[in-house]
Amino acid sequence: MEEEDEDGGRGASESTAAATSDRFVRCLYAVGFLDLFGVSMVVPLMNLHIKSLGASHTVAGIIGSLYGIMQLFSSTFVGCWSDIVGRQYSLLACILLSALGYFLLGASTTVFLFAISRVPVGIFKHTLSISKALLSDLVSERDRPLVMGRFNAASSVGFILGPVVGGYLTELKDGFYQTSFLCAFIFLLNAGLVWMLPWSEENTGSRECQQGKKGTDSFSAEANHDLHFKSTTNGAMASDSLFQSPWVQFTTVLKRIKGIACSDLWDIFLVRLLMSVTILLYYSNFSLALEERFGLKPLFAGYLMSYSSALGVLAGCLLGPITRLYQHNTYRILLHSSTLTCTLILLYASARSIWMVILSSTFLAFSTTIGRTCIIDLELTIGGNEASGTLLGVGQSVTSVGRILAPLLSGIAQEFSPCGPPSLGVGLALAAILIMNANKQKYCSHGNVKLKNQ
């Protein structure tokens with residue numbers, strides 16, 4: 001009877017822990033949705049606003065580049081900082097400081113104030129990266145691609161709806177200022193949502209689950225034990241690190257970044273860079289190429305890109321069945337999705353009719369969405385969850401490098417042909433595929449790469 005009571009108590013604690021985890025994950029989906037919903041209301045209107053303030057095209061370009069450069073250097077530091085002080089405090093700090101940036105943007109009546117408003121956003125707008133790191137802490141390695149895919153899908157819905165609302169508000173008097181203040185309010189709402197997440201319940205549930213793990217064969221129970229054990233460990237470390245001096249935190253961040261830089265992860269980040277530049281090259285002259293090759297207006301290109309974004313949301317929701325079909329082999333999914341991306345961009349570059357472009361765009365929405373999720377999962381699988389924030393931050397920095405390189409490469413390639421940028425992208429995708437094939441053994445071994453400081 002005592003054993004039955006113990007088993008019943010264990011089952012109850014595990015079900016409570018699972019319910020807490022599910023609620024936590026769903027709230028993070030809402031955080032991702034609100035984040036991109038708020039941002040996408042404002043971003044399409046910023047160029048028009050800065051020009052209305054009297055800025056030249058050069059000044060507008062410099063301010064835009066400044067934001068990208070700040071993101072490039074800050075993403076690694078903020079991601080690593082979240083590993084040290086904990087996800088709760090770093091996520092709240094990033095959301096609140098981003099809200100401050102958008103509030104300043106709503107109050108910007110001069111070019112100088114506009115530039116100042118971009119500084120806190122450029123440094124601290126890493127809500128999605130920290131949320132992904134938190135999801136990585138919460139779920140098992142097996143469930144991670146599915147959860148990441150749903151998170152990306154929720155965020156993409158916000159990115160689709162935001163421009164519609166922003167465009168409507170712009171038609172009103174002082175529409176840009178109202179839109180910016182609304183964006184700041186949405187970020188404050190997001191901060192409130194993060195604050196109300198059941199952080200203490202998560203840690204309490206983790207301890208109960210850790211005690212009741214033995215003798216359980218269910219995969220879901222194992223997954224819940226893993227996620228709560230990681231959450232407790234990270235939370236304990238974070239509570240100690242939060243009260244360290246800023247100098248100690250800074251030196252710890254530098255040591256962790258050095259450990260990543262000296263680790264054997266260069267090939268994964270190189271694959272991410274090559275595939276990022278490939279996709280950016282495909283979109284870099286999309287509207288112009290359709291006009292020059294098929295005589296289509298930019299409006300059609302806009303509809304086609306919105307269609308692709310909607311399919312990307314669907315692709316994120318389909319990651320669960322796809323990972324089960326591949327028996328949770330992330331490497332094979334990434335290799336096949338990258339090969340499909342390469343083939344479809346080649347098809348687009350050589351298309352003779354608009355129907356071939358529509359066909360390639362349809363399947364590209366699936367292959368690129370799946371590929372982005374899988375490369376993140378592979379980084380975390382091989383690099384280990386102990387430094388998930390740092391790994392995601394470095395990955396985001398790598399993508400930022402791609403955003404800097406892609407316009408330059410696109411401009412050079414367009415000197416030769418409208419099909420130059422996607423053709424160059426095909427070559428880069430092939431290089432990424434060859435790198436993945438050359439390192440197949442490491443990807444399939446699932447062994448964590450030891451960092452130099454460990």
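Phenylalanine 112 sits in helix α4 of this predicted model. Is phenylalanine 112 buried or exposed? Its relative accessible area is 59%, and the cut-off for exposed is over 50%, so phenylalanine 112 counts as exposed. Phenylalanine 112 has company out there: together with Leu100, Phe103, Leu104, Leu113, Ile116 and Phe181, it forms a nonpolar patch on the surface. Taken together, these residues have about 620 Å² of accessible area. Two elements, α3 (87-106) and α4 (111-124), each give two or more residues to the nonpolar patch.

Now let's move from the surface to the inside. The largest nonpolar core has 96 residues. Which of them touch the most other members? They are Val42, Tyr102, Val194 and Phe286. Helix α1 (residues 2-52) supplies the largest share of this core, with 15 residues. You can get a feel for the packing by looking around valine 194: once its neighbours within four places in sequence are left aside, valine 194 is in contact with Val31, Leu91, Leu92, Ile95 and Trp199.

Polar residues can be found inside too. Serine 367 belongs to helix α16 (residues 354-383). With a relative accessible area of 4%, serine 367 is buried, because the cut-off for buried is under 20%. What does serine 367 touch, not counting residues up to four places away in sequence? The answer is Ser337, Leu340, Thr341 and Leu344. With one of these, threonine 341, the side chain of serine 367 also makes a polar contact of 2.9 Å.

Next come the charged residues. Side chains of opposite charge can pair when their charged atoms come close. How many salt bridges does the structure hold? There are five, and the table shows some of them.

| Acidic residue | Basic residue | N to O distance |
|---|---|---|
| Aspartate 35 | Lysine 125 | 2.8 Å |
| Aspartate 377 | Arginine 144 | 2.6 Å |
| Glutamate 379 | Arginine 272 | 3.0 Å |

Start with the pair of aspartate 35 and lysine 125, whose closest N and O atoms are 2.8 Å apart. This pair links distant parts of the chain, 90 residues apart: aspartate 35 is in helix α1, while lysine 125 is in the loop between α4 and α5 (127-138). Aspartate 35 counts as buried, at 0% relative accessibility, and lysine 125 also counts as buried, at 10%.

Next, look at aspartate 377 and arginine 144, whose side chains meet in a salt bridge. Why does this pair tie together parts that are 233 residues apart in sequence? Because aspartate 377 lies in helix α16 and arginine 144 lies in helix α6 (residues 144-170). Both aspartate 377 and arginine 144 are buried.

The salt bridge between glutamate 379 and arginine 272 brings us back to helix α16. Glutamate 379 lies in that helix and arginine 272 in helix α11 (residues 266-284), so the pair ties together parts that are 107 residues apart in sequence. Glutamate 379 counts as buried at 1% relative accessibility, and arginine 272 is buried as well, with a relative accessible area of 10%.

Finally, which residues do salt bridges with shared partners join into one network? They are Asp83, Arg87 and Asp137.

Definitions and conventions:
Residues are numbered from 1 along each chain as its sequence is written. This is a predicted model: local features need pLDDT of at least 70, side-chain atom pairs count only at pLDDT 80 or more; totals for chains, interfaces and linings use all residues. Side-chain values use heavy atoms; hydrogens and water are left out. Patches are made of residues with over 30% relative accessible area and no salt bridge: like charges are joined within 9 Å, nonpolar side chains (Val, Leu, Ile, Met, Phe, Trp, Tyr) within 5 Å. Accessible areas come from the Shrake-Rupley method with a 1.4 Å probe; for residues, only the protein chains shown count as cover. A salt bridge is a side-chain nitrogen of Lys or Arg within 4 Å of a carboxyl oxygen of Asp or Glu. Helices (H or I, at least four residues) and strands (E, at least two) are DSSP runs, numbered from the N terminus. Buried means under 20% relative accessible area, exposed over 50%, partly exposed in between (1.4 Å probe, protein chains only). A nonpolar core is a set of buried Ala, Val, Leu, Ile, Met, Phe, Trp, Tyr and Cys residues joined through side-chain atoms within 4.5 Å. Contact means heavy atoms within 4.5 Å. A polar contact is a pair of N or O atoms within 3.5 Å; within protein, one must be able to donate a hydrogen and the other to accept it, and residues adjacent in sequence count only if both atoms are side-chain atoms.
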